[in-house]
Amino acid sequence: MSTETGASYAAAGVDIEAGDRAVELMKEWVRKTQRPEVLGGLGGFAGLFDVSALKNYERPLLASATDGVGTKVDIARRMGVYDTIGHDLVAMVMDDIVVCGAEPLFMTDYICVGKVHPERVAAIVKGIAEGCVLAGCALVGGETAEHPGLLGAEDFDVAGAGTGVVEADALLGSHLIREGDAVIAMASSGLHSNGYSLVRHVLLDRAGMALDAHVEELGRTLGEELLEPTKIYSLDCLALTRTCEVHAFSHITGGGLAANLARVIPDELHAVVDRSTWTPDPIFSLVGRTGSVERLELEKTLNMGVGMMAVVPQESVEVALVTLADRGVDSWVAGEIVARGDHATGAELVGDYAN
C-alpha cells in the first residue's frame, strides 16, 4: 500500500495564504494613490477607473506604456531593500507616458517571486504606491505570482503598465520641433534604472566591490548609490506645458542620451548637445574608470546625468528654467536644434564634460 500523500499546490511550492497576507499588507499603500475616478478597492478581478471626466476633452487620446526595472532588482535583492524598486518602476512607465504630453491616470503592476514573503511584497508595493503619488496617478490593481522552480526563493522581478490621456491638439512630438529650438536637460538622480548589467559586471563581478563598502567619491556606500530611486518627472513636465510652450520631451533610458533624444527629432533636423554644459555624477566616472569603459560605450548605455530633456522654442527657455527650478529640478540649456545637413543621426553629443 502506498504511503505517499496526494499532491497539493502548497507541496508544489505555492503558498496561497502567504499571498493573501501580502494583499492585506499592501492595501494601506494602494489606498494612498487613489484618485476620485477610481472605483472599488483592491482585490477585484479588474481595476475600475471612471473615464466620464474625459467627456470634457474635445478629442482625448489615451497613451499607454509598459516597462520594468531590469537587473536593478538584483541590487535590491542583495541588499535586502525592497521599498525603493517600485518607485523606479513608476518612473520607467509614467515618464514614458508624459513624453507625449499626457497626464498619467492609472497604473497596474506585476510582481513575480520565487516564494511569497508577504512583508517583502508589501514593501515593493509601498514603493510603487509612493511613486504613483509622485506621478499623480492611481494604482488600480496588480498581480503577485509565485513561481517556485523557475525562480529561487529570494528572487523576484517587477513590471508595470500605465495609462494617461492627452488632448489631441496638445500632443507633443517631432511634428512641433523647429530649427533653432533649445534643448533643456533635466538632471538625473544617478543611474536611474538602465545599464545595470554593465554596472554590475564592472563594479561587482570584475572589481569585486562590496555593496556595503563606503565609497569616498560617492559620499555613501556603493549599494546606497546603486539603489538611488529613479527621478519621476511626470508632474514637472506637465507643469512646463502649463507655463510655457513645449515642443517635445525625451525620456533618457536604455540606449543613452543621444539615441533617446533622436527618437523625437524629425528627419530634416538634428539635435546638438554640448557635454561642457554639465558634469556627470561621480558614479558615471567610477564605472568608466573601473571598467576601462570607453566614453562612447558609457554614453550608449547610461544616462550620464540627464534623465529627461525638453525641446522648447527659444522664447520659452527662461520661463522653462524658472518653472523647473521652482519645482526643485536642476536644469540647464544643453543644446539646440539645427538643420540635419550631412549629420547621419538625429542627435549627437559634442565637446567634453565640464570638470
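In this predicted model, D155 has a relative accessible area of 29%, which lies between the 20% and 50% limits, so it counts as partly exposed. The side chain of D155 forms a salt bridge with that of R77, with an N to O distance of 3.7 Å, and this pair links distant parts of the chain, since R77 belongs to helix α2 (residues 72-79) while D155 sits in the loop between β5 and β6, 78 residues away. The points below take up the salt bridges, the surroundings of helix α2, a four-stranded sheet, the packing of helix α9, and the pairing of strand β14.

**Salt bridges**

- The structure contains 15 salt bridges, and the general background is that side chains of opposite charge can pair when their charged atoms come close.
- R77, the partner of D155, is likewise partly exposed, with a relative accessibility of 30%.
- The pair of R77 and D155 is part of a network of salt bridges that also links D74, R78 and R200.
- E228 and R220 meet through their side chains in a salt bridge with an N to O distance of 2.8 Å; E228 counts as partly exposed at 25% relative accessibility, and R220 counts as partly exposed at 24%.
- R295 forms a salt bridge with D352, in which the closest N and O atoms are 3.0 Å apart; because R295 lies in helix α10 and D352 in the segment after β14 (347-350), the pair ties together parts that are 57 residues apart in sequence.
- Within this last pair, R295 is partly exposed, with a relative accessible area of 37%, whereas D352, with a relative accessible area of 54%, is exposed.

**Surroundings of V73 in helix α2**

- V73 is found in helix α2, and at 9% relative accessibility it counts as buried because the value is under 20%.
- When neighbours within four places in sequence are left aside, V73 is in contact with I85, F156, D157 and V158.
- The C-alpha atoms of V73 and Y196 are separated by 9.4 Å, although the two residues are 123 residues apart along the chain.

**The four-stranded sheet**

- Four strands make up an open sheet with mixed pairing, arranged in the order β3-β6-β4-β5.
- β3 (60-68) and β5 (138-146) stand at the edges, and because each has a single partner strand, one side of each is left without a neighbour in the sheet.
- From one strand to the next, the twist of this sheet averages 15 degrees.
- The edge strand β3 runs antiparallel to β6 (residues 156-167), and nine bridges join the two; A65 has G162 in β6 as its bridge partner.
- Helix α4 (residues 118-135) lies across β4 (103-113), β5 and β6, and its direction is at about 165 degrees to β4.

**Helix α9 and its neighbours**

- In helix α9 (residues 282-291), the buried residues are I283, F284, L286, V287, G288 and G291, and they pack against α5 (196-206), β8 (214-215), α6 (222-226) and α10 (295-301).
- Two packed helices are described by the angle between their axes and the distance between the axes; for α5 and α9, the axes come within 9 Å and cross at roughly 65 degrees.
- The crossing in which α5 passes α9 is left-handed.
- On the α5 side, V199, V202, L203 and R206 take part in the contact, and on the α9 side they meet I283, L286, V287, T290 and G291.
- Sorted by class, this contact of α5 with α9 comprises six nonpolar, two polar and one charged residues.
- The residue that follows α9 is S292, whose phi is positive, near 50 degrees.

**Strand β14**

- β14 pairs with strand β11 (residues 269-274) in the parallel sense, over four bridges, and among these residues V272 has E348 in β14 as its bridge partner.
- The two faces of β14 differ in cover: A347 and L349 form the covered face, while E348 and V350 form the uncovered one.
- E348 therefore appears both as the bridge partner of V272 and on the uncovered face of β14.

Conventions. Residues are numbered from 1 along each chain as its sequence is written. This is a predicted model: local features need pLDDT of at least 70, side-chain atom pairs count only at pLDDT 80 or more; totals for chains, interfaces and linings use all residues. Side-chain values use heavy atoms; hydrogens and water are left out. Two strands pair if DSSP finds at least two bridges between them. Axes are lines fitted to C-alpha atoms, for helices over the stretch in contact, and angles run from 0 to 180 degrees between N-to-C directions. Contact means heavy atoms within 4.5 Å. Buried means under 20% relative accessible area, exposed over 50%, partly exposed in between (1.4 Å probe, protein chains only). A crossing is left-handed if the near helix is turned anticlockwise from the far one by less than a right angle, and right-handed if clockwise. Ala, Val, Leu, Ile, Met, Phe, Trp, Tyr, Cys and Pro count as nonpolar, Asp, Glu, Lys and Arg as charged, and the others, Gly among them, as polar.
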